[in-house]
Amino acid sequence: MKYSFKDPTVSIAIVGAGGFIGSHLLDALIERTSWRILAVDLDFYRLQHRLHHPRIEFLCDDLKKESVVSRIASYPIVINLAAICVPSRYMREAKEVIESNYNHPVALALACAKSGAWLIHFSTSEVYGKTSIEPCLLEEDSSPMILGSVRASRWSYACAKQLTERYIASLQGLSWTVLRPFNFVGPRMDFIPGIDGEGIPRVLANFCAALLKNEPLFLVDQGVSRRSFTSIHDAIHFIFAVLVHQEESLGQAFNIGNPENELSIAELADRMRQIYASLKQVSIDQVSPVQLISSKEYYGEGYEDSLRRIPSIEKAKRLLGYVPNEALDVTLQETLSWFIEHYRLAL
């Protein structure tokens, strides 16, 4: 079945609607479609501007409850963004991370198989596991997935996400599409510890917080790991490409990324310092310095890393016509500008 964006009878459920990706997706659905939306999350502080919109129903609940899962699965399209996806939590809350990323989405997948809903499940680029520094494009249907030791609890997230993918793909009668994000960045991402969250946010938000608080930008293990960063705007463009091409998307896993936007973490820190100096109109010497730290000291015992992840997007180009176009420097400046404005009264 093809869904018209102008059809007001179409409805969609977004699980994790209050998060970084979900809030941008909900905005785009309101602006670009006539669809009705069930927005599910435990909080909606990123969506204060949408709380009274007539086409959105907000449900403050989670996937632990069978009644909530059944309600979500009654919608013809279900996008599941819900997850514990903060690296510091992989270390100290492995059990909760596994439950969040396997037990709960599996229950939703079973309900969608029963109801006939199309489940668009967000996985992660972490499923590719313990990659080396050698340049290698990661392909959805052929690249190996190698994880570290069970004692290295850093892999709790990747393992749970990978097993969920395998379960979804094996489930008879389920209409499914799996999406693997590669380091989405943009306004509204994560939090600043001590202000609107606790723990350690992901790297770009971490660097933004350090710059705003005039604290060192910590380079874990010298910042040699490399990542391909993806603008949240390109990510939303991709989700719409999936919705447009349902037939081509069914039964497929897709990378969502931009292989042109690759940097080492050390290079990212340098780029962020330069952008911050430009935005604040100060010399680079007045900007927070970088500081080297070991992964054991920063994250604790049991941390390991993927050294390099470059997404192949040939499958998405071929089946969906997807091509990312947001330049990395523009995305970084937009993100940092948002952090400066959003937290200006809190710091």
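These are legends for a handful of views of a predicted model.

**View 1. The whole protein, before we zoom in.**
Let's start with the full chain, which has twelve helices and 15 strands. Its radius of gyration is 20 Å, close to the 20 Å that the globule rule gives for 347 residues, so the protein is as compact as a globular protein of that length. If you boxed up the C-alpha atoms along the principal axes, you'd need roughly 60 × 45 × 40 Å. Of the 347 residues, 56% count as buried. Now take the contacts with a separation of 6 or more: residues 24 or more positions apart account for 78% of them.

**View 2. Strand β1, helix α1 and strand β2 make a right-handed β-α-β unit.**
Follow the chain through strand β1 (residues 11–15), then helix α1 (residues 20–32), then strand β2 (residues 36–41). β1 and β2 run parallel, and five bridges join them. Want one pair to look for? Find Ile14, whose bridge partner in β2 is Ala39.

**View 3. A closer look at strand β2 and its other partner, β3.**
Besides β1, strand β2 is joined to strand β3 (residues 56–60), again by five bridges and again running parallel. Ile37 has Ile56 of β3 as its bridge partner. How much of β2 is buried? Five of its six residues are, so the strand is largely enclosed by the rest of the structure.

**View 4. Gly16, in the loop between β1 and α1.**
Here we've stopped at the loop that links the strand and the helix from View 2. Is Gly16 buried or exposed? At 11% relative accessibility, Gly16 counts as buried, because the cut-off for buried is under 20%. Leaving out residues up to four places away in sequence, Gly16 touches Gly22, Val40, Asp41, Leu81 and Ala82. For a sense of scale, hop to Gln222, which is 206 residues away from Gly16 along the chain: their C-alpha atoms are separated by 33 Å.

**View 5. An open sheet of four strands.**
Read across this sheet and the order is β6-β15-β10-β13, with mixed pairing. The edge strands are β6 (137–138) and β13 (262–264), and each pairs on one side only. Helix α9 (residues 265–280) packs on the sheet, where it touches β10 and β13. The direction of α9 makes about 95° with that of β13. Inside the sheet, strand β10 (residues 226–228) pairs with β15 in the parallel sense, over two bridges. Look for Arg226, which stands opposite Arg308 in β15.

**View 6. Arg309, a buried arginine in strand β15.**
We stay with the sheet from View 5 and pick out Arg309, found in strand β15 (residues 308–311). How accessible is Arg309? Its relative accessibility is 3%, so Arg309 counts as buried. Which side chain makes a polar contact with the side chain of Arg309? That would be Ser306, at 3.3 Å. Now set aside the neighbours within four places in sequence, and you'll still find Arg309 in contact with Ser125, Glu126, Thr131, Leu138, Phe182, Asn183, Arg226, Arg227 and Ser228. Arg226 on that list should ring a bell from View 5, where it stands opposite Arg308.

Notes:
Residues numbered from 1 in each chain as written. Predicted model: local features only at pLDDT ≥ 70, side-chain atom pairs only at ≥ 80, totals over all residues. Heavy atoms only, no water. Buried < 20%, exposed > 50% of the residue type's maximum accessible area, 1.4 Å probe, protein only. Pairing = 2+ DSSP bridges. Right-handed = clockwise from strand over helix to strand, strands pointing away. Polar contact = N/O pair within 3.5 Å; in protein donor to acceptor, adjacent residues only side chain to side chain. Contact = heavy atoms within 4.5 Å. Axes fitted to C-alpha atoms, helices over the stretch in contact; angles between N-to-C directions. Rg over C-alpha atoms; globule rule 2.2 N^0.38 Å.
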